[in-house]
Amino acid sequence: MPDDLTDVLEEWKCLEEEYQKIQETHRQYLQKLDEISKLQNNCSTSISRQQKRLKDISVQVKHCSNGPSEDFRSLNEIKEKIKTRSNAFFEMEAFLPKKNGLYLNLVLGNVNVTLLSKQSKFAYKDEYEKFKLCATVALLLFSFMCYFFVNHRVFDAILNFLLLCYYCTLTIRESVLITNGSRIKGWWVFHHYISAFLSGVMLTWPDGSLYKAFRNQFLAYSLYQSFVQCLQCYYQSGCLYRLRALGERHNMDLTVEGFQSWMWKGLTFLLPFLFFGHFWQLVNGFCLFRMALLSDLSEWQVLMCGLCFLILFMGNFFTTVAVVRQKLKSRNQKPKNL
Ligand code: COA
């Protein structure tokens, strides 16, 4: 037998052995996947069964609270435990596959978007913050160019189109984040729907005298908003990095002194910029309403944009105040929790 052929046969034998091993490993992998999916189903059904029973028991506890005062303490204890139990279930469900909401179902179809490890959740959030930062910087540069150098409706249309795409992408990414246990308040997601709608309306606004009257104010506002969003991204990715470094999240944050002080420093720096942006939204809304009244509603976009700005102002302002109040409250409660 020629040497070449012996080499080939030997190599083939080696490959065959390796192939058998790969097949075995893959079989084990499929078996484990099967076990995992059974465990996931088990966990999900047990959690929903417990949640239903907790709901029933909460109603019973409410009925019993009118009884004698000696039972009051044990009832209160049960109430507290029910509360912590629901938080625990929320954390558990973040690691279990669940059905997509209506929006994700429409956009992505029924694909599972639950990330099954803490690292991949952090990595997704991290990538989301980076995407936000890059897109915001691009939008900042583009609005700067439109404001100072290029005065043409086509470029304004491109800017509004980019804003529309940006906000649509954020709504999808945030829905994925929420499925993965993020506590983003509903308003911020709604804020992005309204902003996408606003950019769409701006896109259709004809290049008349009314548009020209509002153009510079809108571009300056976009410029400012992109700047504030850069600061906000810096603050939020800072929070994310520190939390990751500490390996802590959500209800554990209160025990982490260093994180708390960094967060407060960042927040007190950010808040004046945020409130000024909200005030600017209010001014935009008023200017557009005045314009709509003076122009006898000849262009529907004026009133629509005015309405969007007012809704944005109210939602942003009240949600930010609520977030700060909630953070202050938990800071004041800190000594009790320690
Ligand atoms: N957009 C997207 N996600 C947001 C968000 C926002 N505006 N505000 C908070 N979140 C997310 C956080 O990243 C966090 O997510 P996680 O659970 O995955 O970690 C979750 O919501 C809870 O955050 P919370 O602790 O309530 O707030 P925070 O400390 O992260 O941020 C503010 C607080 C006030 C800085 C932030 O809410 C904010 O920037 N609000 C103002 C936005 C605004 O007004 N924009 C218009 C500017 S002109």
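This passage describes the nonpolar core, aromatic contacts, surface patch and salt bridges of a predicted model.

The largest nonpolar core contains 51 residues, of which Trp205, Phe214 and Leu288 touch the most other members. At least two residues of this core come from each of helix H4 (118-148), helix H5 (153-179), helix H6 (186-204), helix H7 (209-246), helix H8 (257-294) and helix H9 (300-332). The largest contribution is that of H7, with 13 residues.

Two pairs of residues illustrate contacts between positions separated in sequence. Leucine 219 is located in helix H7 and has a relative accessible area of 2%, so it is classed as buried. Its C-alpha atom lies 7.9 Å from that of phenylalanine 144, although the two residues are 75 positions apart in sequence. Valine 302 belongs to helix H9; its relative accessibility is 0%, and it is therefore buried. Between valine 302 and tryptophan 205 the C-alpha separation is 8.2 Å, across 97 residues of chain.

Over the whole structure, 25 aromatic pairs were found. One of them joins tryptophan 205 and tyrosine 211 in an edge-to-face arrangement, with 5.6 Å between ring centres and 80° between planes. Tryptophan 205 and tyrosine 211 are both buried. Tryptophan 205 is also among the core residues that touch the most other members. A second edge-to-face pair is formed by phenylalanine 317 and phenylalanine 318, with a centre-to-centre distance of 5.3 Å and an interplanar angle of 75°. In this pair, phenylalanine 317 is partly exposed at 28% relative accessibility, whereas phenylalanine 318 is exposed because its value of 52% is over the 50% cut-off.

Charged side chains were also located over aromatic rings. Arginine 153 lies over the face of tyrosine 211, 4.3 Å from the ring centre. Tyrosine 211 thus takes part in this contact and in the edge-to-face pair with tryptophan 205. For lysine 121, the charged end sits over the ring of phenylalanine 95 at 4.6 Å from the centre.

On the surface, a nonpolar patch is formed by Leu102, Leu106, Val107, Leu108 and Val111, which together have about 490 Å² of accessible area. Valine 107, one of these residues, is part of helix H3 (residues 102-108). Its relative accessible area of 39% places valine 107 in the partly exposed class.

The salt-bridge count is eight. Two of the bridges examined here lie within helix H1 (residues 3-64). In the bridge between lysine 38 and aspartate 34, the closest N and O atoms are 3.5 Å apart. Lysine 38 and aspartate 34 are separated by about one helical turn because they are four residues apart in helix H1. Lysine 38 is exposed at 53% relative accessibility, while aspartate 34 is partly exposed at 40%. The bridge between aspartate 56 and lysine 52 has an N to O distance of 3.9 Å. The spacing of aspartate 56 and lysine 52 is again four residues in helix H1, and therefore about one helical turn. Aspartate 56 is partly exposed, with 41% relative accessibility, and lysine 52 is exposed, with 57%.

A further salt bridge connects aspartate 207 and lysine 212, with an N to O distance of 3.9 Å. Aspartate 207 has a relative accessibility of 39% and is partly exposed. Lysine 212, with a relative accessible area of 54%, is exposed.

Definitions and conventions:
Residues are numbered from 1 along each chain as its sequence is written. This is a predicted model: local features need pLDDT of at least 70, side-chain atom pairs count only at pLDDT 80 or more; totals for chains, interfaces and linings use all residues. Side-chain values use heavy atoms; hydrogens and water are left out. Rings of Phe, Tyr and Trp (its six-membered ring) pair if their centres lie within 6.5 Å; planes under 30 degrees apart count as stacked, over 60 as edge-to-face and the rest as tilted. Buried means under 20% relative accessible area, exposed over 50%, partly exposed in between (1.4 Å probe, protein chains only). A charge sits over a ring if NZ of Lys or CZ of Arg is within 6 Å of the ring centre and within 35 degrees of the ring normal. Patches are made of residues with over 30% relative accessible area and no salt bridge: like charges are joined within 9 Å, nonpolar side chains (Val, Leu, Ile, Met, Phe, Trp, Tyr) within 5 Å. Accessible areas come from the Shrake-Rupley method with a 1.4 Å probe; for residues, only the protein chains shown count as cover. A salt bridge is a side-chain nitrogen of Lys or Arg within 4 Å of a carboxyl oxygen of Asp or Glu. A nonpolar core is a set of buried Ala, Val, Leu, Ile, Met, Phe, Trp, Tyr and Cys residues joined through side-chain atoms within 4.5 Å.
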